[in-house]
Amino acid sequence: MIVLKSRQEIDRMRVAGQMVGEILALLKERIQPGVTTGELDCLAEKECRKRKALPAFKGYGGFPFSICASPNNKVVHGFPDDVPLQEGDILSIDFGVLYKGYYGDSAMTVPVGKVSPHRRQLLEVTARSLDAGISQALVEQRLGDISHAVQATVEPLGFSVVREFVGHGIGQKLHESPQVPNFGRPHQGPKLKEGMVLAIEPMINAGKPGVSVLEDGWTAVTIDGADSAHFEHTVAITANGPEILTRV
């Protein structure tokens, strides 16, 4: 069942989303060669607690960290660790907060120092695909219009869309209906309504679309070892168009 949010609820989600955006911006400033994802995880939780919010992911389904940290060929749900980041890596961070009963959720992929042209293109195309999806988050459009916009942005350039993981509705639960795939046909699926809030999150691979999950039960990696990128925003569908709640 799709839950529509009132203006008051979206106001509360806007506060949570702003926190997510602010904390991700702080993490982005810290990402450089030699930094560990474990350090970034500690910083994220510290900043979350400072704002009297809870890290949304920690303990969710048993996940043990505040951020998902997924470098290079890791797609999503990577565990932070004590391995220093290297010049030329790319790092995806997925992060959310729970504040006064409402969730915010966002993700970014960041270059570590100077990266190869192909890695930079992967980041740019994935970010562009998120923008394309958000542009279709309009009242009376169809869910498939968002999905198709993402897919049509990346596949002509030789990149592939992960099928196993998708975006989702969000509100008083971290994951609500509907699921938001990053692939699909336009003009298909449920109509988008004012008051829907969606976490739109393209996960795009440089190689094949397939992924596998490591023995930790969480970390998803590309099946061919190719790089992957992940961008996400929490977006409210309003009468005036899409509103990005997690943008700083």
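This report describes a three-stranded sheet and the helices H3 and H4 in a predicted model.

## Basis of the description

In this predicted model, local features need pLDDT of at least 70 and side-chain atom pairs count only at pLDDT 80 or more, whereas totals for chains, interfaces and linings use all residues. Residues are numbered from 1 along each chain as its sequence is written, and side-chain values use heavy atoms, with hydrogens and water left out.

## The sheet

The open sheet has 3 strands in the order S6-S10-S13, with antiparallel pairing; strands (E, at least two residues) and helices (H or I, at least four) are DSSP runs numbered from the N terminus, and two strands pair if DSSP finds at least two bridges between them. Strand S6 (160-161) and strand S13 (228-230) are the edge strands, each pairing on one side only. S6 pairs with strand S10 (residues 203-205) in the antiparallel sense over 2 bridges, and Val161 stands opposite Ile204 in S10.

Helix H3 (residues 117-135) packs on the sheet, where it touches S10 and S13 (contact means heavy atoms within 4.5 Å), and the direction of H3 makes about 35 degrees with that of S13.

## The pair of helices

H3 packs with helix H4 (residues 143-154) at an angle of about 150 degrees, their axes lying 8 Å apart; axes are lines fitted to C-alpha atoms, for helices over the stretch in contact, and angles run from 0 to 180 degrees between N-to-C directions. H3 is therefore roughly antiparallel to H4 (angles over 145 degrees count as such).

Val125, Arg128, Ser129, Ala132 and Gly133 in H3 meet Ile146, Ala149, Val150, Thr153 and Val154 in H4.

Technical notes:
Angles under 35 degrees count as roughly parallel, over 145 as roughly antiparallel, 65 to 115 as roughly perpendicular and the rest as oblique.
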